[in-house]
Amino acid sequence: MIPLAIVLFLNAAFNAVVWPQFYKRVAKDPRARDANGKATPFLTVHVVLISIALVLALVSVLVGIAALTGAL
């Protein structure tokens with residue numbers, strides 16, 4: 001179970017480091033907002049994808065902890 005926990009923690013760390021940085025770039029992209037400053041589908045889709053990735057990171061941490069504590 002320790003190798004499983006390590007993989008899950010590495011996955012969570014990757015997601016927690018990479019996706020927030022990606023959001024910063026997407027938010028600055030000219031396609032993210034229209035002329036009135038309203039969010040475009042480009043921004044909305046990326047926010048949904050990033051949110052899903054961060055939720056999966058949290059799930060990975062929780063399952064990794066469960067694997068280490070023998071709850072699996």
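This report walks through two packed helices, the loop between them, and a few residues worth a look in the viewer.

**The helix pair**

Keep in mind that the model is predicted. Two packed helices are described by the angle between their axes and the distance between the axes. Here, helix α1 covers residues 2-28 and helix α2 covers residues 41-69, and the two pack at an angle of about 160° with axes 8 Å apart. Angles over 145 degrees count as roughly antiparallel, and α1 and α2 are therefore roughly antiparallel to each other. What is the chemical make-up of the contact of α1 with α2? Its residues divide into 26 nonpolar and 5 polar, with no charged ones. As for handedness, α1 passes α2 in a left-handed crossing.

**A check on α1**

Does the length of α1 agree with its residue count, and what are the numbers behind that? With 27 residues at 1.5 Å a residue, α1 should span 39 Å, and its end C-alpha atoms are 40 Å apart, so the two agree.

**Buried positions**

Which residues of α1 are buried? They are Ala5, Leu8, Ala12, Asn15 and Val26. These buried residues of α1 pack against α2.

On the other side of the pair, Ser60 lies in helix α2, and so does His46. Ser60 has 8% relative accessibility and therefore counts as buried. Setting aside residues up to four places away in sequence, Ser60 touches Leu8, Asn11 and Ala12; Leu8 and Ala12 are among the buried residues of α1. His46 has 19% relative accessibility, and because buried means under 20%, His46 counts as buried too. With the same sequence neighbours left out, His46 touches Phe22 and Val26, and Val26 is one of the buried residues of α1.

**The loop**

Ala39 is found in the loop between α1 and α2. Is Ala39 buried or partly exposed? At 36% relative accessibility, Ala39 counts as partly exposed. Leaving aside neighbours within four places in sequence, Ala39 is in contact with Ala32, Arg33 and Thr44. Ala39 and Leu10 are 29 residues apart in sequence, and their C-alpha atoms are 32 Å apart in space.

**Side by side**

Here are the three residues discussed above, with their accessibility and contacts.

| Residue | Relative accessibility | Contacts beyond four places in sequence |
|---|---|---|
| Ala39 | 36%, partly exposed | Ala32, Arg33, Thr44 |
| His46 | 19%, buried | Phe22, Val26 |
| Ser60 | 8%, buried | Leu8, Asn11, Ala12 |

Notes. Residues numbered from 1 in each chain as written. Predicted model: local features only at pLDDT ≥ 70, side-chain atom pairs only at ≥ 80, totals over all residues. Heavy atoms only, no water. Axes fitted to C-alpha atoms, helices over the stretch in contact; angles between N-to-C directions. Helix = DSSP H or I, 4+ residues; strand = E, 2+ residues; numbered from the N terminus. Parallel < 35°, antiparallel > 145°, perpendicular 65-115°, else oblique. Left-handed = near helix turned anticlockwise from the far one by under 90°. Nonpolar A, V, L, I, M, F, W, Y, C, P; charged D, E, K, R; others polar. Buried < 20%, exposed > 50% of the residue type's maximum accessible area, 1.4 Å probe, protein only. Contact = heavy atoms within 4.5 Å. Expected span 1.5 Å × (residues − 1).
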